[in-house]
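Here is a colleague's note for someone opening this entry without earlier acquaintance with it. Please look over the chains and the DNA strands before reading the points.

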4 protein chains.
Amino acid sequence: MSSSFCKPAFLKSDEERKKVILETGINEFAALGLEEANINVIAKKAGVSVGLLYKYFATKEDFFLTCVEEAVKTLEEIVSEVVTSNDKILVRAEKLIRTIQKTSGADSKYVKLYNEITKISNEKELSKDVSESAKLLANRVEGVSAKAYSDFIAKAQKDGDIRNDCDPKMFAFFFDSVLMTLQFSYTCDYYRERMKIFCGEDIFENDEKVVDELLKFFESAFTFSRSDLK
Amino acid sequence: MSSSFCKPAFLKSDEERKKVILETGINEFAALGLEEANINVIAKKAGVSVGLLYKYFATKEDFFLTCVEEAVKTLEEIVSEVVTSNDKILVRAEKLIRTIQKTSGADSKYVKLYNEITKISNEKELSKDVSESAKLLANRVEGVSAKAYSDFIAKAQKDGDIRNDCDPKMFAFFFDSVLMTLQFSYTCDYYRERMKIFCGEDIFENDEKVVDELLKFFESAFTFSRSDLK
Amino acid sequence: MSSSFCKPAFLKSDEERKKVILETGINEFAALGLEEANINVIAKKAGVSVGLLYKYFATKEDFFLTCVEEAVKTLEEIVSEVVTSNDKILVRAEKLIRTIQKTSGADSKYVKLYNEITKISNEKELSKDVSESAKLLANRVEGVSAKAYSDFIAKAQKDGDIRNDCDPKMFAFFFDSVLMTLQFSYTCDYYRERMKIFCGEDIFENDEKVVDELLKFFESAFTFSRSDLK
Amino acid sequence: MSSSFCKPAFLKSDEERKKVILETGINEFAALGLEEANINVIAKKAGVSVGLLYKYFATKEDFFLTCVEEAVKTLEEIVSEVVTSNDKILVRAEKLIRTIQKTSGADSKYVKLYNEITKISNEKELSKDVSESAKLLANRVEGVSAKAYSDFIAKAQKDGDIRNDCDPKMFAFFFDSVLMTLQFSYTCDYYRERMKIFCGEDIFENDEKVVDELLKFFESAFTFSRSDLK
DNA sequence: AATGAATGAGAATTCATTCAT
DNA sequence: TATGAATGAATTCTCATTCAT
């Protein structure tokens, strides 16, 4: 909420410029990571001087965090739009899947940046503050869906729509895990390759198949089992 | 097959030394990442000279890849042991989950290193070869499970054990996605936090609950649904 | 006479503003030195814009010199007041010592700035003009006392008050050296420590002792010796 | 004693190189001061790489302190040689004065560096450690003479050589103050100018006069006064 | 084979100075 | 006249890589 990683000067500055700086930052950090990205290069690409960047952000890390925050905000918006609808669970799942598939293009940088954080938080030697802050920021995305998912599952249980012998929170976690992995598969090189290995080289030309099969998987998972398996 | 990112000298050198060097490298790269890790520091920690390291590996990247290769080999072994058993699918799933839970300690470095790769493969500016090679290496881990899972699912379908209206490959992908995310949750800081958000602060003191719920989830997912959901 | 290192605009500006700017400058330069002091910070502290500062002074160095000039003026006033009295030499000495002891608090910045110059004038690489000008300015303080002291000593010799086998100028120099060092001891960290080493940790709580002993020293020095020393 | 501002690597390095590095550092720091001196320039002048300098010293400040330490050691040697002789006080004084006059040439850098410290210890914004350490180091020079002077004066009092109604410590302080100022006058630009103002333009071509007059001053100061002054 | 001292290009950050408003 | 946002050269420090021993 309180965007606390930039200096006041940044907030006061021109909207257009703010946008350009954040966008350039997000692009670079998403493409190269925190360490590899170069402040001087970012400044040049954004069409401002290094000095100005340092008027706006005390350190490279603060600038990074501000970019992450922006990316997270965007993701939150995308996610909460779909997540807070009143549709039945499978309808929502379908919407989420299709959003993930569409998002892969232009907005992939937000996901990539988010993915970058999942790694950074492990790194010792990085000032505790940076990794901790990055983690907290990115967790906001999870926060949105975690609550929405488990609430919805709980309600669906009450309505008798889905099995009631399961823990809504745990199932929400499994549900989100598949979707998050799918998200990465549509945006990050590595996960893309991984998905191809599992699903075949042409899987990314077959969006409908992905929707169908994943819905089947979720439908099944949430329903009472025949229980003759074993 | 043996992609060999090292110079012949390394292969010829003492077994013990090879082991120490790789272990130190894996530790450091897992803890700090490719950029942040320092060759001079690794050399010191491994008890050899930098010079020798450069006799063994042409570049830092080559050394990194050799470490990744080693980590991947270890993961492959761990995975294939469980994956290639002849148990029914849920028995296998349980074994995998318990392995993941046990592995979190000592062997976490292999997973962390594997996680590092998922990021690197996105990075432009990194010599194409490095990210490409890292991707290929890590994908070997997927290769093992992808094949095993989909084969097994296909067989289970034939046997009538599980629903036959689903694509074995796709389901194998979803299955693995949940497990991989679980794996990360037990080893990487960020995913750990994420799991807590979904499942509660004390989830890591409740291994049995995780096993139970996830098995329920999988059992359900693989079985015919009551199909009255909508 | 008015060496004027400032632009005409400064002279024309509001008295109050001039005062604030010089005071802030003197404070900062005294506390941090020429290099370490920051024009942007000074501007902020003085409540004016950097731009205005540059309307008033062509360079940081010019601003520094103007501050030095002001400090020197103040010191000159303090010094000449005491120095030009008509008292006997020891009475004057006592007044000087007591002034030094009292001055240590609020006006210490002038002495510190003066002390800063003693260093700057050594520095090559600094535009010749700056160090040269600083030297000339600060020497004005010396000028006042040098003349006063040697004149007085010469007169005292004529009056038979003090030994006449000594060079008034040289003795004035020795006299001033002790007083200047005392001055620094009461204002600058380093000299303070040095005085403690010589005179004991509690010397600064014993102003009277300092007065007494130093007067004894001076009295003796200026009087005919028993001459049996060897 | 424990030269604790450099890394072990420096101590292990070639004697000749150590000498060159310290000498270059002392020269530069003496000429330009801590802030203005440039590590890259020093490295070039010393004929080594910046990298190596940073192998030897963790920071610019540490390098500076090592140089100061070296300068102080040299000064201590010079001082203690003269100071600890068994001569009568005026004989010693003469030796000290002549040493100061001779030292002015080649060894002036040590004095200049020492003078630099007297300023640094005032500067806020400088890491406390640096100024504190510099102060402690330089105080060692004082330590040597403070002890020697007051001991000697006390002894001379017992022997009836000098007045016994004065505090040996205080008189030692006044004695050293004149000598220190003389020292600076023979080495530092500013004090040189100051001495000229007091003693005349040609004072530096008149070493004997300085010796004579200062000895007179000291002789007188230490002897019983005729006490008819006032 | 093995060492580790030495290199130097490159990156983050600062701050005197300018200039459009 | 006054502002303060913007500039970018310059500085400290890091670390992959080399090479004489």
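The points below take up the contacts between chains and then the surfaces near the DNA.

1. The reader should keep in mind throughout that this is a predicted model, and that the totals for chains, interfaces and linings use all residues.

2. Chains A and B are in contact, and 65 residues from chain A meet 65 residues from chain B. On the side of chain A that touches chain B, at least two residues each are supplied by helix H2 (15–36), helix H7 (108–120), helix H8 (128–158), helix H9 (168–187), helix H10 (189–199) and helix H11 (207–222) of chain A. Within this side, H9(A) gives the largest share, which amounts to eleven residues.

3. As for the chemical character of the side of chain A that touches chain B, the residues divide into 28 nonpolar, 13 polar and 24 charged.

4. Chains C and D are also in contact, with 64 residues of chain D and 65 residues of chain C taking part. The side of chain D that touches chain C draws two or more residues from each of helix H2 (15–36), helix H7 (108–120), helix H8 (128–158), helix H9 (168–187), helix H10 (189–199) and helix H11 (207–222) of chain D. Here H9(D) provides the largest share, eleven residues, and by class the side of chain D that touches chain C holds 27 nonpolar, 13 polar and 24 charged residues.

5. Two other pairings should not be read as interfaces: chain A and chain C do not touch, their nearest C-alpha atoms being 12 Å apart, and no contact joins chain B and chain D, whose closest C-alpha atoms lie 12 Å apart.

6. Around DNA strand E there are 32 residues, of which A:Gly51, B:Gly51, C:Ile39, D:Ser49 and D:Gly51 come nearest. The elements giving two or more residues to this surface are helix H3 (39–46) and helix H4 (50–56) in chain A, helix H4 (50–56) in chain B, helix H3 (39–46) and helix H4 (50–56) in chain C, and helix H4 (50–56) in chain D. By class, the surface near DNA strand E has 14 nonpolar, 14 polar and four charged residues.

7. DNA strand F is surrounded by 32 residues, and the closest are A:Ser49, A:Gly51, C:Gly51, D:Gly51 and D:Lys60. Two or more residues of the surface near DNA strand F come from each of H4 of chain A, helix H3 (39–46) and H4 of chain B, H4 of chain C, and helix H3 (39–46) and H4 of chain D. That surface comprises 14 nonpolar, 14 polar and four charged residues.

Definitions and conventions
Residues numbered from 1 in each chain as written. Chains lettered and ligands numbered in written order. Predicted model: local features only at pLDDT ≥ 70, side-chain atom pairs only at ≥ 80, totals over all residues. Contact = placed C-beta atoms within 7 Å. Helix = DSSP H or I, 4+ residues; strand = E, 2+ residues; numbered from the N terminus. Nonpolar A, V, L, I, M, F, W, Y, C, P; charged D, E, K, R; others polar. Near = placed C-beta within 6 Å.
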